[in-house]
Amino acid sequence: MTTSPDRSSAPLPDGIVAVVKRDCPTCVLVEPVLQELATSDALTTYSQDDPTFPADLPVRDDTDLTVSYLWDVETVPTLLRIRDGEEVERIVGWDREQWVAFTEVPDLAAGLGDDFPDWRPGCGSLSVDPSRTDELRVRFSTSGLKSRRVDFAELEDEFEAMYDRGWSDGLPVIPPTEARVARMLDGTDRSPDDIVTVVPPDLVECTVEKVAVNAVMAGCLPEYLPVVLTALEAACTPEFNMHGLLATTFFSGPIIVVNGPIRNRIGMNAGVNVLGQGNRANATIGRALQLVVRNVGGGMPGGVDRATMGSPGKLGWCFPELEEGSPFTPLSVARGLEPGQDAVTLFAGHGPQSIIDQKSRSAESLARTFAACLRSVAHPKLCIKIDAMLVVSPEHARVLADDGWDRSRLEGRLAELLTLDSDELLAGVDGIAEGLPEGFGGMELPKFREGGLLIAHAGGGAGLFSAIIGGWVNGDEGSDPVTRAITTRGNT
Amino acid sequence: MSTVLDPTAERTVAERARLDRPASLDGKVVGLLDISKPRGDVFLDRLEEELRGRGAADVQRFSKPTYTKPAPVDLRHEIATKCDLIIEALAD
């Protein structure tokens, strides 16, 4: 998103221009050389940190780094030869032969004695110091970020001010300064004013820039942004129905499952405590999605969000599948994408609910445990209308793998085990009023519709436990899982 | 002082004045919108009975295709053109 800065605000005089800083030993070393040059040639010297250095020269003050930044000075000392206002040549560091050739002064530094070194590398320019570059980029930016600027008063605590404005999900948010947002936008090659999607409930066209602002607030790093952008696109499809998911009285929220090499590239955790706290990428990507729905879409708890109880995952829930060592094809591949493709799968869910089985050593026995526990999703007598995700831990996966079971074998067996006698599901049966209407007796019904049970592999290496993530109403009435390829690339 | 970028959609909410409440139901057409939640019809049947007994000229019934999504534009238009009053029922 950055474009070349305009140098017209910092023109350089013709002749030789030196850029130095006192904090650089090489610059200090060449101080007498510069003093010598000043007498023999048209020399203009800029100092990045101390206008009294080099001594006895008419030094120009570049402590605000305007010249250094706009003329792309990366090393000090740098010598530039300027002709008609344009750079024609530059050298960096100290190299006696190079300086002699550049300045065309044959006996340059000859009087400084035999001990004077012939060569010394330069130091880093302050204009490329990481602590200064964000501020410089904002100062000279032509990025054209369009969001309204909100000034906080001197005595205002910026974190409290953001709470007061209703921008937080309840946890502190990082102030989205222009520098931070510009840095976040390095995470994508998309233009800040590209429309990503239309965000419910207010049906607002949301730009890449607004996503970046909220990603900063959520605590994301720039390299997470492609995941956030794709997750938002997937969430705002008619099939996923983010509007209904937000508005429902039910528990669920958007859950993001990440597949592909990007999981490891951005440091996600698919292992120990995968569904818990402690990993920045896991914790902030899901949060960024929910902050966009809140701040851009206008979806507030108690407003359009009418959840009776909600669930903690609504703060943001994102986790990667553990593809390494899995007996299953990755979830994204099972859902139609190519292996190795970075992807997100959006699932409307809540939980998790635990499955304990520490005794099964055969796939059949473990599948029966899974089926018995999955039967209770939403209600043991309700079926077809609600999806679920089964997250199989590595130790449980090993039991399946030892018997040669893969994804389709497990899915097939679970479908058999979860084919239910509808007479057991009728309203009133077992003294429970909830259940299917009378006309549904005498049938075999599946607990889950076809494709309604998603299976993923994740978790730490120890523990014969797996997890059920309960879903929301599916299909046209509710939400279908959506899998999308992550195609956007970073700038850097 | 620090400056941040506004994370919201920066929209001004459109405010529309509500219509005055009618003094009576005499001669009015009342619409009842079922959002398609279970047993919403039980509640609306009873309301219809009440309304007809209180002088409404007509009571028309509508329903959303699903309670999880906003009412389609066509349905909203139909209600607006046919009815003087509308009651939307959320029920479980």
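Is the crossing of α8(A) and α12(A) right-handed or left-handed? In this predicted model, the crossing of the two helices is right-handed.

**Helix packing in chain A**

Helix α12(A) spans residues 280-295, and its axis lies 8 Å from that of α8(A) at an angle of about 125°. The pair is therefore classed as oblique. On the α8(A) side, the contact is formed by Val211(A), Asn214(A), Ala215(A), Met217(A) and Ala218(A), while α12(A) supplies Thr284(A), Arg287(A), Ala288(A), Leu291(A), Val292(A) and Asn295(A). By class, these contact residues comprise 7 nonpolar, 3 polar and 1 charged.

Helix α8(A) also belongs to the surroundings of helix α7(A). Of the 8 residues of α7(A) (residues 178-185), 6 are buried, so this helix is largely enclosed by the rest of the structure. The buried residues are Glu178(A), Arg180(A), Val181(A), Ala182(A), Met184(A) and Leu185(A). Their cover includes α5, α8 and α9 of chain A, together with β1 of chain B.

Helix α15(A), residues 394-402, has buried residues at Pro394(A), His396(A), Ala397(A), Val399(A) and Leu400(A). Among the elements covering them are α14, β16, α16, β19 and β20 of chain A. Gly404(A), which follows α15(A), has a positive phi near 80°.

**Contact between the chains**

Strand β1(B), part of the cover of α7(A), also pairs with strand β10(A) (residues 149-152): the two run antiparallel and are joined by 4 bridges. Within this pairing, Val4(B) stands opposite Val150(A). The contact of the two chains involves 33 residues from chain A and 15 residues from chain B. The chain B side consists of 6 nonpolar, 5 polar and 4 charged residues.

**Backbone features in loops**

Two cis peptide bonds and two non-glycine residues with positive phi are set out below.

| Site | Feature | Value | Loop |
|---|---|---|---|
| Phe53(A) to Pro54(A) | cis peptide bond | omega near -5° | Pro54(A): between β2 and β3 of chain A |
| Pro200(A) to Pro201(A) | cis peptide bond | omega about 0° | Pro201(A): between β11 and β12 of chain A |
| Leu203(A) | positive phi | about 55° | between β11 and β12 of chain A |
| Arg39(B) | positive phi | near 70° | between β2 and α1 of chain B |

The loop between β11 and β12 of chain A holds Pro201(A) and also Leu203(A). Leu203(A) has 13 other C-beta atoms within 10 Å and is therefore partly exposed. Arg39(B), with 10 other C-beta atoms within 10 Å, is exposed, because a residue counts as exposed at 12 or fewer.

Conventions. Residues are numbered from 1 along each chain as its sequence is written. Chains are lettered from A and ligands numbered from 1 in the order in which they are written. This is a predicted model: local features need pLDDT of at least 70, side-chain atom pairs count only at pLDDT 80 or more; totals for chains, interfaces and linings use all residues. A residue is buried if 20 or more other C-beta atoms lie within 10 Å of its own, exposed if 12 or fewer, and partly exposed in between; C-beta atoms are placed from the backbone. Two residues are in contact if their C-beta atoms, placed from the backbone, lie within 7 Å. Axes are lines fitted to C-alpha atoms, for helices over the stretch in contact, and angles run from 0 to 180 degrees between N-to-C directions. Angles under 35 degrees count as roughly parallel, over 145 as roughly antiparallel, 65 to 115 as roughly perpendicular and the rest as oblique. A crossing is left-handed if the near helix is turned anticlockwise from the far one by less than a right angle, and right-handed if clockwise. Ala, Val, Leu, Ile, Met, Phe, Trp, Tyr, Cys and Pro count as nonpolar, Asp, Glu, Lys and Arg as charged, and the others, Gly among them, as polar. Two strands pair if DSSP finds at least two bridges between them.
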